[in-house]
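Open the structure in your viewer and keep the selection panel at hand. The stops below go from one helix to two loops, then to a strand, and end with the whole chain.

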Amino acid sequence: MRLRLFRVVLACLPMLSAVGQTPFRVDVKLVDVSVSVRDSEGRLVTGLGQDDFDVFEDGAPQKIAFFARSQDVPLNLGLIVDFSGSQDPFLKAHHKDLETFLGSVLSPVDRAYLLCFGNYLRVVSEFTSSPNELLAGLQAYEKGRRSFPELGPAEDREAGTAFYDAIYYSSTEMLAKVEHGRRALIVFSDGEDNSSAHNMMEALETAQSNDVVLYGVRYTDVKNGRLNSRNKYGTSVMARMAQDTGGADFDARKTDMASEFKSIGEQLRSSYELAYHSSNPANDGLFRKISVTVKRPGVTVRAKTGYYAR
């Protein structure tokens, strides 16, 4: 909330100058970065201060203009469930995972919406704090109801999986509206796409620009015990998008997701919020690489890897 207020103050500076007799212009590019820190045993590190962090953009040191700890902040979550044909063997697992996640992470102050997609994106539950409402929407979709509102513009889609559009429009139309709290997407899919209007980089860019962290719960339908080329592509997509937004991805067939869901909740609630004014004022559309380090040995820092200067 303090970061939002900080932005409001910056936006009001030109109006305040008009009250006096000396006009001035403020051109501010404030870059937000959410950071989590773990020690060598994987435990979250809390209690760090602003002076413990260094931030670099394209190798150049940046001055931190805002710092806060995000413990116990409300979570704003997009729960995205893939219902395309490749996920048919895992629909019961998705349902169980979603129920487990809601039971271990969602608190009364948090909000989540549920998006189910194949070739079309359906918002089966708007933002709510009620796990029962979310699960009721999921059950209705599972039983064949398709009258839920569509997310994004109407598209003529022939193939079956709009994975990138699900990420893109969740970041631009759902989570972008959120004013207070952390933003994250929990995606139950194999990462394979064949009908989106947007590509991977566009989906990734919108998530980074809106400070959305992505967590991938990956179920891949493996034939004869070996990944095919399409499987490998989807795996790399989910790993890349999670890493570059500061999240994580999991192979649900090999991982105890109950414990991982608890870890996701802890990470979202125990991170640090940093913001800095970029020393590079050019809005040239190029990618700016962000690196965050901590002045403490033996820790691992997780944050988004950068943003595009639009």
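Which residue caps the N-terminal end of α5? Select Asn199: one of its side-chain oxygens lies 3.1 Å from the backbone nitrogen of Met201. The model is predicted, so local features need pLDDT of at least 70 and side-chain atom pairs count only at pLDDT 80 or more, while totals for chains, interfaces and linings use all residues. Residues are numbered from 1 along each chain as its sequence is written, and side-chain values use heavy atoms, with hydrogens and water left out.

Next, select residues 200–209, helix α5. Helices (H or I, at least four residues) and strands (E, at least two) are DSSP runs, numbered from the N terminus. Seven of the ten residues of α5 are buried; buried means under 20% relative accessible area, exposed over 50%, and partly exposed in between (1.4 Å probe, protein chains only). Colour Met200, Ala203, Leu204, Glu205, Thr206, Ala207 and Gln208 to see the buried set. Then show what covers them, including α4 (163–174), β9 (212–218) and α6 (229–245); contact here means heavy atoms within 4.5 Å.

Move on to Asp211, in the loop between α5 and β9. Its phi is positive, about 55°, although Asp211 is not a glycine. Most residues other than glycine have a negative phi. Asp211 counts as buried, at 18% relative accessibility.

Now select Asp58, in the loop between β2 (53–57) and β3 (60–62). Phi of Asp58 is also positive, near 50°. Asp58 is partly exposed, with a relative accessible area of 47%.

Go to Asp82 in strand β5 (residues 75–82). What is the nearest side chain of opposite charge to Asp82? It is Arg230, 10.0 Å away, and the buried Asp82 has no salt bridge. A salt bridge is a side-chain nitrogen of Lys or Arg within 4 Å of a carboxyl oxygen of Asp or Glu; Lys and Arg count as positive, Asp and Glu as negative, and His and the chain ends are not counted. Show Ser189 as well: its side chain and that of Asp82 are joined by a polar contact of 2.8 Å. A polar contact is a pair of N or O atoms within 3.5 Å; within protein, one must be able to donate a hydrogen and the other to accept it, and residues adjacent in sequence count only if both atoms are side-chain atoms.

Finally, zoom out. The chain has seven helices and 14 strands, and 51% of its 310 residues count as buried. Its C-alpha trace spans about 65 × 45 × 40 Å along the principal axes.
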